[in-house]
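Let's take a walk through this one together, from a single side chain out to the strands around it. Have the sequence and the model open as you read.

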Amino acid sequence: MTSIKELEALCRFNTFQQADTYIKTKKFRYKEKFIWKGEKAYIYKNKKATAYVNSLVDYLDKDTMDRGTVWIVTTFKGEA
């Protein structure tokens with residue numbers, strides 16, 4: 001079981017391409033993909049950390065009432 005040692009970042013993006021570009025600039029590599037009833041999640045890893053990218057339907061901006069798919073990138077360090 002993995003315990004989360006330190007939560008580093010929580011970022012929001014409006015498109016998967018923006019989230020993917022952010023992950024690649026941080027030198028993460030693709031590991032796994034989970035899809036269930038429209039919910040999508042991707043796991044990326046590098047030597048020291050893990051990144052979890054998931055989608056959810058939420059407000060696109062804090063100033064508007066427009067809703068759409070938002071991609072959340074959570075980066076954390078963990079130990080086994």
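Is Tyr42 buried or exposed? Keep in mind that this is a predicted model. Tyr42 comes out as buried, since its relative accessible area is 13% and the cut-off for buried is under 20%.

So much for Tyr42 alone; now for its company. The structure has six aromatic pairs. One of these brings Phe16 together with Tyr42 in a tilted arrangement, with 5.0 Å from centre to centre and 40 degrees between the planes. Phe16 belongs to helix α1 (residues 16–25) while Tyr42 belongs to strand β3, so this pair ties together parts that sit 26 residues apart in sequence. Phe16 has a relative accessible area of 23%, so it counts as partly exposed. The story doesn't stop at two rings: Phe16, Tyr30, Tyr42, Tyr44 and Trp71 are linked by ring pairs into a cluster.

Another tilted pair joins Phe13 and Tyr22, this time at 5.4 Å centre to centre and again with 40 degrees between the planes. Phe13 is buried, at a relative accessible area of 16%. There is also a charge-on-ring arrangement to look for: Arg67 places its charged end over the ring of Tyr59, 5.0 Å from the ring centre.

Back to the helix. Ala19, Asp20 and Ile23 are buried in α1. Looking down the helix axis, you'll find the buried residues of α1 within an arc of 100 degrees, so they line one face of the helix. Gln17 and Thr25, on the other side of α1, are exposed. After the helix comes Lys27, which has a positive phi near 65 degrees.

Next, the strands. How many of the eight residues of strand β2 (residues 29–36) are buried? The number is zero, so β2 lies largely in the open. Even so, β2 has a partner: it pairs with strand β3 (residues 39–45) in the antiparallel sense, over seven bridges. You can pick out individual bridges here, including Trp36 with Glu39 and Glu32 with Ile43. The hairpin of β2 and β3 has two residues between the strands, and Lys37 takes a positive phi there, near 50 degrees.

Follow Ile43 across to its other side. In β4, the residue opposite Ile43 is Tyr52, so Ile43 has a bridge partner in β2, Glu32, as well as one in β4. β3 and β4 run antiparallel and are joined by five bridges. They make a hairpin too, with four residues between them.

One last stop is Ser55, which is found in strand β4 (residues 50–59). Why does Ser55 count as buried? Its relative accessibility is 5%, and anything under 20% qualifies. Which residues does Ser55 touch, leaving aside its neighbours within four places in sequence? The contacts are Gly38, Glu39, Lys40, Thr69, Val70 and Trp71. Two of those names should ring a bell: Glu39 is the bridge partner of Trp36, and Trp71 is a member of the ring cluster that also holds Tyr42, where this tour began.

Terms used. Residues numbered from 1 in each chain as written. Predicted model: local features only at pLDDT ≥ 70, side-chain atom pairs only at ≥ 80, totals over all residues. Heavy atoms only, no water. Buried < 20%, exposed > 50% of the residue type's maximum accessible area, 1.4 Å probe, protein only. Pairing = 2+ DSSP bridges. Contact = heavy atoms within 4.5 Å. Phe/Tyr/Trp six-rings, centres within 6.5 Å; stacked < 30°, edge-to-face > 60°. Lys NZ or Arg CZ within 6 Å of the ring centre and 35° of its normal. Arc of directions from axis to C-beta.
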